[in-house]
Amino acid sequence: MARRTDGGWPDGPRSLPVRRRRRSRRALPAVALGAMAVGVAGCLALLPAVSDACQAVPEADDVSATRASAAISRGSDVLIVGDSYTTGRGSYDGAHGWAQDLATERGWDATIDGVPGTGYVNTGATNSTRWNYLSRIERTASLDPDLVIVQGSQNDWLVSADTLERRVERTLRTVQRQWPDAVVVAIGPSAPRPRAETTTGISSAVAAGARAVGVPFIDALAGQWFTRANSASYAAPDGQHLNDAGYLYLAGRIDDALEELATPPDGEQCL
């Protein structure tokens, strides 16, 4: 089921929609900071607690941002595991979803492993645990990815929240153990409305499992990526999947979220 991405678009690679990039945050110039320091020196002498509070923030987050930036860069080895959205069901040929669009745009050397109907727990039409996310990840141990993205899954709707959260945690821990140098990202359900309204419990459970192991979670529901206003334009005829425009839009939103992850915080701020 896994395959390499080559774009595959009849008239050449599709370009992601042009989206407004994250505004850069600017630190105050050093000269201005120096002037401010002179002006308030006397006050600070009277308020030692305040002077201790406003310090440079430790750069632990910057390290993560640096790793994320390298992991999403052009030419990176990327593994994407998911369901029919990763397969591309609903697109013009049923085989070009957000993962193919994003990998082509980013210039990744990507292994895209999408199996319709599957999830962290759900096994799809096969009814075999060989096809849930954990089993498929374990079978790809010979790969050496810089970035691992686990998508979904809307298909885990019959699973209790506790069971799903534990399976998500186990699956993502396996990814971390298997590839300790890789950046790991989980993406929650991203269906158009009204299907999206039935996935809130799934999204919460996946978010909790990802949080338990320290994996960044991209939350399409909280971000309101698909609304009543835009879903009709982006939904495939079955109302469950996305069309070509929808997958391009989803790829663009995920691209933005990855850029956010790769952007370091300001070096100076008050704690």
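In this predicted model, the buried residues of helix 5 are Trp98, Ala99, Gln100, Asp101, Leu102, Ala103 and Arg106. That makes helix 5, which spans residues 98-106, a mostly covered element, with seven of its nine residues buried. Right after helix 5 comes Gly107, and its phi is positive, near 70°.

Arg106 is a good place to pause. Its relative accessibility is 14%, and the cut-off for buried is under 20%, so Arg106 counts as buried. Still, this arginine has a charged partner: Arg106 forms a salt bridge with Glu259, and the closest N and O atoms sit 2.6 Å apart. Arg106 belongs to helix 5 and Glu259 to helix 10 (residues 244-261), so the pair ties together parts that are 153 residues apart in sequence. On the other side of that pair, Glu259 has 29% relative accessibility and counts as partly exposed.

How many salt bridges are there in total? The count comes to six. Here are three of them, side by side.

| Salt bridge | Closest N to O distance |
|---|---|
| Arg106 and Glu259 | 2.6 Å |
| Glu169 and Arg173 | 3.1 Å |
| Arg228 and Glu197 | 2.6 Å |

As for the general idea, side chains of opposite charge can pair when their charged atoms come close.

Now for the pair in helix 7. Glu169 and Arg173 both sit in helix 7 (residues 161-178), four residues apart, which is about one turn of the helix. Their side chains meet in a salt bridge at 3.1 Å, N to O. Are these two buried or partly exposed? Glu169 is partly exposed, with a relative accessible area of 23%, and Arg173 is partly exposed too, at 39%.

The Arg228 and Glu197 salt bridge, with its closest N and O atoms 2.6 Å apart, is a matter of loops. This pair links distant parts of the chain, 31 residues apart: Arg228 is in the loop between strand 6 (217-218) and helix 9 (231-234), while Glu197 is in the loop between strand 5 (183-187) and helix 8 (200-212). Arg228 counts as exposed, at 65% relative accessibility, whereas Glu197, at 35%, counts as partly exposed.

One last thing brings us back to helix 5. Which residues do salt bridges with shared partners join into one network? They are Arg106, Asp255 and Glu259. So the buried Arg106 has a place in that network as well.

Conventions:
Residues numbered from 1 in each chain as written. Predicted model: local features only at pLDDT ≥ 70, side-chain atom pairs only at ≥ 80, totals over all residues. Heavy atoms only, no water. Buried < 20%, exposed > 50% of the residue type's maximum accessible area, 1.4 Å probe, protein only. Helix = DSSP H or I, 4+ residues; strand = E, 2+ residues; numbered from the N terminus. Salt bridge = Lys/Arg side-chain N within 4 Å of Asp/Glu carboxyl O.
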